[in-house]
Amino acid sequence: MDLIIFTLAVLDGLAYASQVFMVAVGMTLIFGVMRILNIAHGGFYAIGAYLSAGIGLAIASAGLSPWLHLPALVIGAAMAGGVLGLVIERFVLRYIYVKEEVLQLLVTFAIFMILEDVQRLVFGVQPYAASSLVDAMGTINVLGIPYNAYQVLLLPGVAVLTLVGLRWFLHHTLLGHLITATAEDREAATAMGVNANRVFLLTFTIGTVLAALGGAFAAPTTAVQLGMGADMIVLSFAVVVTAGLGQVEGAAVTAVLIGLGRSFAIYLMPELDVLMPYFIMMLVLLVRPNGLFGTVQTRKI
Amino acid sequence: MRGGRFLLLGVVALIALMPLFAPWSKTFLVLAIAKGLAVLGIVVLLRAGQVSFGHALFFAASAYVAAFAARLLGGGELLTLLVIGALGSGVLGLLVGLFVVRYRYIFFGMLNLAFSMVFYAVLEKFYHYTGGSDGLILSRPSVLGIGLERLPFEYTLFYVALATAAVLGWLVHRYLNSAPGRALAAIKTNETRLEYLGISARGTLLVAYVISAMLAGVGGTLAAVMQGLVTPEYAYWVRSGEFVFIAILGGAGHVLGAFAGALVYEGVRMYLAVLAADMWQLLLGVVLLVIVLFASEGLVGLWHRISGRFAPAGREAS
Amino acid sequence: MSQALIEARDLHIEFGGVKAADGVDLSVHESDHLAIIGPNGAGKTTFLNICTGYLRPKSGTVRFDGTEITGRSPRWITRRGIARAFQIPQLFLEHTVIENMLIGAAARDRVRSLWRPLSASTARDEMMELLELMGVADVAAQVVTALPEGQRKLIDIALALALKPRVLLMDEPTSGVSSQEKFQVMDTLLRVLAHQQVTAVFVEHDMEMVERYAERVAVWDAGRIRIEGTPAEVLADAGVQRDVIGL
């Protein structure tokens, strides 16, 4: 393959990986701490995207600077994700921690279904496209190939910032320590006075805000439409599982792997692009059933 | 016990007579039975504590297999199509099963979802073979060599579906109470001990998985023949979710619950689709939440509570 | 001495730097009753885990009746005649007691019929008899979750015996059983073992039990077999008294 296609594939892959990582990292964090696979995560991603697209279109039609879209989408997504996360954890999830694993899955699935229809009711069925921010940021040359700056700089930048910020938060702040302690051994943490309920509330909300942000940042480069949440949830699940459940840094590595796999497939084997992430996941799971970075859990007998 | 069995016979007889008094109900009932069979597949896996979020894969696979078969055979024969559909999904179930039975819980559920998403994408992308999102037409097959007009065909299909459901329901009931069936339920509580008895947990689950796939396959074939058209929608994740939903609604892990759930679900859906088309999923979600939070035994549990009996017909102490 | 049924040679395994087995040689002979004693955390259970394939040793071999079984799966090993009872009872909690036993019997008899109900198993009488012997026949119809630990422990052993093994490995068989009942339970257990001609290995911390029921004792300390012999010899050893029994 020639250098141009190679470069394009790498850039596409990294941009895509950045979007997926934003969702996957929250999902894996929630799982690591709460032991719940949050299927509703795709719903938060979609809602973030819709809000962002709506805001972008409003800004464009009001004739304001497209740059306003950037702070507006961050604030909008953070608020929407935050409020939804708080409400859902506090009033639904809190009552299912004692239930069977299957039922926990079903509850987050139910929330996902509800959120899908909420999107339909609030935003309608027509797709949104709000790319004025991407246009405003212009293009830059990468190895002589013009590529839009939004995808080559901003998206990966946001993802890296999220990863570094999350690492710093988890390992260098008191709240972060509470979260990692609860993730490692909930009983011990509770015995030492950690309020597990609050940790759960905080963790879940961080996760939902990240997912909504992921959607908000994805919106300017994609058509925002119904069903995008479902696609994303399966994809980010693939990332989370391939990395190993609960692995924050692993999710970053795997997102890049899957992002690149997919973008190379688009250029080389276009029929297979949708299947690529799953091929990678199945291949990894065949060799390492607990994921690339996951650890084996054995029953005490 | 005896009373329960009579009651069950009564309900089946009532359903069997229904189309004679309300002709519109034939298609509705066939669809409910078709979904009920797929739900029964979910119920089998739920015995092992595993939930598949991708069972529409087998529903769709058999429907497409039947459509291709009908095309090759020049119309085809209803019973042949049902058998071919079941075998097709059984083979696919074996292939997918060999992979997914290595995993449990979240991994199991989501890997199933992933497989169904892949299949859905294939159906849409390879439109030269699958007709893409338009799907494939499945013309009306003959029954025992006789080509029927639309109306008699629908009646026949309904009674074939009802008989199939009764026979398969009974077979599944036998299976769940057999040694491998009880070992399947043991996967839920202690897989380690199962291995320490010399029983392969994966092998046990694989048998259940193939059975489950074939059940969904028979359901898919029935639905396809009824509608005369198969589309990628058959494999869509919403449909998989629907199956799980109905299983929980009916009462997780119960053979009769699968069909009771499917009937109630389809009935409610028929009205809600008219009254609240936009909020259909939302309402389903709310109902699912309410069931899980407040009535995790589902319809079957509700029935027991109302009738005040603890050991229903056809349920072993488990 | 008779030919060794289980023969472990030079086993090494460690967990996070702690050597649970550091060159262990241990043989179990036909119709032996071998007790393994030693300080807590010395690796006694590890031996059972290695012999049944739950853990794979870093190096070393285990042979059963001449065949190497190192690193084989628990299922493979169980099918060849080594059964195991657990320190924490491992049962099918949502099944009834008799169903637990019948699943065991079905596993032993390789029952694969998807048609015949488990409840109509021909092994039912035999299983009831086993429960009777272990003194838990009265709870046969109860679901395991409803039972206290002591009874679960007995059912756990009964389930291992249901397989009619050649060797039974037990992990503190009477822990959780009340001190009034434990002798009675062990008396019965030994009777069943003798009757079925089962070779037994048990990890034990109760010296009264060891003294009374073991024919041979091995002391496992710091990943090594420190001393091996008859209960009288071993329990009289000054070092053992000091470090293991705590006199």
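Two strands are taken to pair if DSSP finds at least two bridges between them. The model examined here is predicted, and the description concerns chain C.

By this criterion, chain C contains an open sheet of four strands in the order S2-S1-S4-S5, with antiparallel pairing. Its edge strands are S2 (18–29) and S5 (67–68), each of which pairs on one side only. Strands of a sheet pair through backbone hydrogen bonds, either parallel or antiparallel.

Within the sheet, strand S1 (residues 4–15) of chain C is joined to S4(C) by five bridges in the antiparallel sense. One contact between these strands places Ala8(C) opposite its bridge partner Val62(C) in S4(C). Strand S4 (residues 59–64) of chain C is in turn connected to S5(C) by two bridges, and these two strands also run antiparallel. Arg63(C) has Glu68(C) of S5(C) as its bridge partner, while Phe64(C) is matched with Thr67(C) of S5(C). S4(C) and S5(C) form a hairpin with two residues between them. In the turn of this hairpin, Asp65(C) has a positive phi of about 55°.

Apart from the sheet, a positive surface patch was identified, formed by Arg72(C), Arg79(C), Arg80(C), Arg110(C) and Arg112(C). Of these residues, Arg79(C) lies in helix H2 (residues 74–79) of chain C. The relative accessible area of Arg79(C) is 36%, so this residue is classed as partly exposed. Membership of a patch requires over 30% relative accessible area and no salt bridge, and the 36% computed for Arg79(C) therefore satisfies the area cut-off.

Note on methods:
Residues are numbered from 1 along each chain as its sequence is written. Chains are lettered from A and ligands numbered from 1 in the order in which they are written. This is a predicted model: local features need pLDDT of at least 70, side-chain atom pairs count only at pLDDT 80 or more; totals for chains, interfaces and linings use all residues. Side-chain values use heavy atoms; hydrogens and water are left out. Patches are made of residues with over 30% relative accessible area and no salt bridge: like charges are joined within 9 Å, nonpolar side chains (Val, Leu, Ile, Met, Phe, Trp, Tyr) within 5 Å. Accessible areas come from the Shrake-Rupley method with a 1.4 Å probe; for residues, only the protein chains shown count as cover. A salt bridge is a side-chain nitrogen of Lys or Arg within 4 Å of a carboxyl oxygen of Asp or Glu. Lys and Arg count as positive and Asp and Glu as negative; His and the chain ends are not counted. The place of a charge is taken as NZ of Lys, CZ of Arg, CG of Asp or CD of Glu. Buried means under 20% relative accessible area, exposed over 50%, partly exposed in between (1.4 Å probe, protein chains only).
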